[in-house]
Amino acid sequence: MFISTKISLFALLVLGSISCCSRMNPMEYNEQIVEMHENAWQFFEYKQEELYADRDSTHQNATSIINSLYQKYDSIINVLDSVRYPREATEFHQVTIIFYKYIKDSILNLYADIPKYQPESKQWYEAWGRIEYALDTKASQLENNMIAEQIKFAEKVSIMY
């Protein structure tokens, strides 16, 4: 619960700082997107581990974990939709939104199948296998696209690392 509150507060701070009337500074935009991505993956991995490890959890608990993932990704997409990103970041921003929408609309829908099956049953393991396959293929490709566009953006606006 604390992590969810902390992440929600972070999303509000990001939204407040990036939704002003003028376009964001390229460096600030880059840093906030990178930080948002890192925080999103930490949250995602934590919830995934929690769901997988808690084999004795109730259907309600598993559903609650999955719902928290949906809320997180809804929040991210809302923040991205409201950002006045730098013009130079157009492609980077577009592939970032595509990545997060894929996670929400495809990967999280696969997670929604998990509570339907008895933990450690054949169907349960198959559901986890579908998740891993989707993460290793399409999600990985979309993330690679996002990283490639982030690199192009950084070069375009001369952000040095």
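Mentor: A salt bridge is a side-chain nitrogen of Lys or Arg within 4 Å of a carboxyl oxygen of Asp or Glu. This is a predicted model, in which local features need pLDDT of at least 70 and side-chain atom pairs count only at pLDDT 80 or more, while totals for chains, interfaces and linings use all residues. Residues are numbered from 1 along each chain as its sequence is written, and side-chain values use heavy atoms, with hydrogens and water left out.

Trainee: How many salt bridges does a search of the whole structure find?

Mentor: Side chains of opposite charge can pair when their charged atoms come close. A search of the whole structure gives a total of seven.

Trainee: What is the N to O distance in the salt bridge of K47 and E50?

Mentor: Both residues lie in helix α2, three residues apart, about one turn of the helix; helices (H or I, at least four residues) and strands (E, at least two) are DSSP runs, numbered from the N terminus. An α-helix has 3.6 residues a turn, so residues three or four places apart point the same way. For K47 and E50, the N to O distance is 3.4 Å.

Trainee: Is K47 buried or exposed?

Mentor: Buried means under 20% relative accessible area, exposed over 50%, and partly exposed in between (1.4 Å probe, protein chains only). The relative accessible area of K47 is 10%, so K47 is buried.

Trainee: Which residues is H37 in contact with, leaving aside its neighbours within four places in sequence?

Mentor: H37 lies in helix α2, which spans residues 26–53. H37 counts as buried because its relative accessibility is 12%. Contact means heavy atoms within 4.5 Å, and the partners of H37, leaving aside neighbours within four places in sequence, are F99, Y100, E143 and M146.

Trainee: Which helix gives the most to the largest nonpolar core?

Mentor: A nonpolar core is a set of buried Ala, Val, Leu, Ile, Met, Phe, Trp, Tyr and Cys residues joined through side-chain atoms within 4.5 Å. The largest has 45 residues, and F44, Y100 and Y111 have the most contacts inside it. At least two of its residues come from each of α2, α3 (59–82), α4 (90–111) and α5 (122–156). With eleven residues, the helix that gives the most to this core is α5.

Trainee: Which residues does F44 touch, not counting those up to four places away in sequence?

Mentor: F44 is among the residues with the most contacts inside the largest nonpolar core. Not counting residues up to four places away in sequence, F44 touches L69, Y73, I103, I107, L108, Y111 and L135.
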